[in-house]
Amino acid sequence: MNVIADSATMLRRNFRHTMRNPVALFNGVIMPVFLMFLMVYVFGGAFSVGVDYADYATPGLMLTTICYGVGATAIAVNSDMTTGFINRLRVMDVSRAAVLNAHVIATMLRSLVAIAIVTGVAFLMGFRPAASFLEWLGVIGIVVLTVLAIGWLTVAFGLAAKTPESAGLAAVPLMLLPFLSSAFVPAGTMGPGARQFAEYQPFTSIIETLRGLLTGAPSAGSAITAIAWCVGLTLVGYLWARASFTKRA
Amino acid sequence: MNGSAIAASGLRKAYKDKVVLDGVDLDVRTGTIFALLGPNGAGKTTTVNVLTTLLTPDAGKAVVAGHDVATETRAVRAAIGVTGQFASVDDLLTGEENLLMMADLLHLPKAEGRRVAARLLDRFDLVEAAREPAASYSGGMRRKLDLAMTLAGEPQIIFLDEPTTGLDPRSRRTMWEIIRELVADGRTIFLTTQYLEEADQLADRVAVLDQGRLVAEGTPAELKRRVPGSHIRLRFADRYELDVAGRILPEATRDDDNLTLRVPGDGGVRSLRALLARLDEHSVDVEELSVHTPDLDDVFLALTGHGNKEIDAR
């Protein structure tokens with residue numbers, strides 16, 4: 001039972017951090033919104049993707065929003081480790097999952113808020129989804145699974161990194177991966193190598209699933225692949241984080 | 001009351017081929033202050049980590065508060081409090097919120113938690129800053145808050161890893177006062193330090209750690225007696241005064257070129273006064289006087305045959 005009480009205590013702490021350091025949330029929103037302007041207004045006109053570009057790009061931007069938000073998580077987790085905060089908790093016999101759970105839950109809440117804002121902006125820019133209520137629930141479900149996967153991976157990065165700076169750097173590949181996926185242009189239009197990478201990397205299946213749900217034409221194939229990726233990555237991140245947490249003193 | 005709070009024997013720890021602890025034995029009596037003295041890299045923090053259940057030793061046994069560190073981790077953790085080398089306070093929370101968070105993690109009832117927080121803020125003179133974020137605190141205040149957070153759990157044995165490193169002299173004295181009060185309440189303190197003066201001021205017993213081995217253990221006075229560095233240096237205006245003083249103080253070593261005498265002594269006020277009285281009796285004028293007390297370098301040189309700085313350079 002202590003796990004729940006301790007996680008709640010730690011989550012209150014993370015919540016205060018977010019409220020007192022709104023820059024983290026701001027960064028997590030401002031970059032994706034900027035990217036959306038860039039993609040939809042500047043580049044989008046030149047891209048021929050067969051549908052309205054705002055509709056095409058929004059699912060990818062949802063994922064991008066998650067990726068931009070987790071840099072703050074990696075840094076926060078790492079500074080808990082390097083400042084001795086985690087050691088203090090370990091000696092106090094606080095349930096060891098609590099502090100990490102709280103970081104993941106806080107990441108989840110921040111990501112959901114940021115995605116809601118980004119999606120709101122997308123509506124203003126002409127995003128017109130055809131999803132039914134159930135399909136929207138599906139979208140939220142996939143987003144939650146994706147945040148869990150990326151969140152646990154980021155927590156593991158944060159624990160493994162030597163300094164907060166290198167922990168922050170660990171999130172950079174995550175910010176670049178969407179460009180090598182079907183987020184902004186279809187994978188089929190890319191050059192050899194990039195195309196194969198884009199087709200098989202996890203983000204593409206997640207984005208295609210979101211895109212299918214939002215256009216009212218869900219694809220079971222990509223949904224299964226996406227869910228498998230998310231569950232797999234969550235497991236890897238969780239186990240890696242747990243091992244680092246136990247090992248480092 | 002006078003049982004063993006901490007007893008360790010044969011503690012060993014190595015990382016790959018680097019030996020950090022090489023058979024450390026410790027015995028700390030309940031209700032005393034024990035100082036582990038050593039330079040950076042001697043193994044002080046590793047020792048603390050082993051005794052506080054954060055690190056499993058490769059060999060050896062440690063019993064803290066009557067419980068085996070390796071097998072009764074939970075019981076040990078319930079009895080101890082640890083303040084690490086760097087104040088691990090939450091910068092974005094206020095001092096009060098930091099303490100309330102500790103109370104929550106200790107699963108104290110809400111009202112009890114608020115009482116504990118208020119009492120600790122008062123005790124550590126942090127009431128005025130209680131609603132300020134810890135990021136705005138000075139180094140001394142952060143250390144105090146850090147220690148207050150450790151005390152929220154009413155630990156019987158407190159580990160302080162370099163509690164005054166990086167503090168200005170005034171904050172250091174305040175911290176010393178606080179540490180003395182803690183032990184007056186019947187707690188046991190295990191502290192690590194790089195400063196001989198700190199060990200001297202606070203500790204009932206001191207152990208000197210060098211490259212993972214204890215090279216000496218005893219009361220501060222015993223340790224200092226093993227160090228020849230303590231002396232009083234007298235400089236005179238001319239050769240005549242030096243000659244007279246040399247006859248009065250036959251134990252002194254003279255240096256004719258600099259017109260100085262080096263008088264061995266403990267550097268204490270009493271022996272200094274006695275020395276001056278002897279010189280006065282014979283109307284010898286002293287041009288300049290300085291007292292040289294041994295520092296960690298001298299202790300290391302005397303106990304290990306190599307200086308403190310050599311270790312740093314390695």
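**Exercise 1. State the order of secondary-structure elements along chain A.**

Solution. Read from its start, chain A runs α-α-α-α-α-α-α-α-α-α-α. Helices (H or I, at least four residues) and strands (E, at least two) are DSSP runs, numbered from the N terminus. The count is eleven helices and zero strands. The radius of gyration of chain A, 18 Å, is close to the 18 Å from the globule rule for 249 residues, so the chain is as compact as a globular protein of that length. This radius is taken over C-alpha atoms, and the rule is 2.2 Å times the number of residues to the power 0.38.

The model is predicted: local features need pLDDT of at least 70, side-chain atom pairs count only at pLDDT 80 or more, and totals for chains, interfaces and linings use all residues. Residues are numbered from 1 along each chain as its sequence is written, while chains are lettered from A and ligands numbered from 1 in the order in which they are written.

**Exercise 2. Describe the extent of chain A, its burial and the sequence range of its contacts.**

Solution. First, the C-alpha trace spans about 60 × 35 × 35 Å along its principal axes. Next, 48% of the 249 residues of chain A count as buried (20 or more other C-beta atoms within 10 Å of the residue's own; exposed means 12 or fewer, partly exposed in between; C-beta atoms are placed from the backbone). Finally, of the contacts in chain A between residues at least 6 apart in sequence, 80% join residues at least 24 apart; a contact requires C-beta atoms, placed from the backbone, within 7 Å.

**Exercise 3. Determine how H2(A) and H3(A) pack.**

Solution. The axes of H2(A) (residues 23–43) and H3(A) come within 9 Å and cross at roughly 155°. Axes are lines fitted to C-alpha atoms, for helices over the stretch in contact, and angles run from 0 to 180 degrees between N-to-C directions. The two helices are therefore roughly antiparallel (over 145 degrees; under 35 is roughly parallel, 65 to 115 roughly perpendicular, the rest oblique). Their crossing is right-handed, that is, the near helix is turned clockwise from the far one by less than a right angle; anticlockwise would be left-handed. Residues that meet include A:Met31, A:Leu35 and A:Met39 in H2(A) and A:Leu61, A:Thr65 and A:Tyr68 in H3(A). The contact divides into 13 nonpolar, five polar and no charged residues (Ala, Val, Leu, Ile, Met, Phe, Trp, Tyr, Cys and Pro are nonpolar, Asp, Glu, Lys and Arg charged, and the others, Gly among them, polar).

**Exercise 4. Repeat the analysis for H3(A) and H5(A).**

Solution. H3(A) (residues 53–82) and H5(A) (residues 97–124) pack at about 150°, with axes 9 Å apart. This makes H3(A) roughly antiparallel to H5(A). Their crossing is right-handed. Among the contributing residues are A:Thr58, A:Ile66 and A:Asp80 of H3(A) and A:His103, A:Arg110 and A:Val118 of H5(A). The residues of this contact comprise twelve nonpolar, eight polar and two charged.

**Exercise 5. Characterise the contact of chain A with chain B, and the setting of H3(B).**

Solution. The contact takes 19 residues from chain A and 20 residues from chain B. On the side of chain A, H1 (2–20) and H4 (85–91) each supply at least two residues, and H1(A) gives the most, with seven. That side divides into six nonpolar, six polar and seven charged residues. In chain B, ten of the eleven residues of H3 (residues 95–105) are buried, so this helix is largely enclosed by the rest of the structure. Its buried residues include B:Glu96, B:Leu100 and B:Asp104. They pack against H1 of chain A together with H4 (110–123) and H5 (139–151) of chain B. H3(B) is followed by B:His107, whose phi is positive, near 60°.

How values were computed
Contact = placed C-beta atoms within 7 Å.
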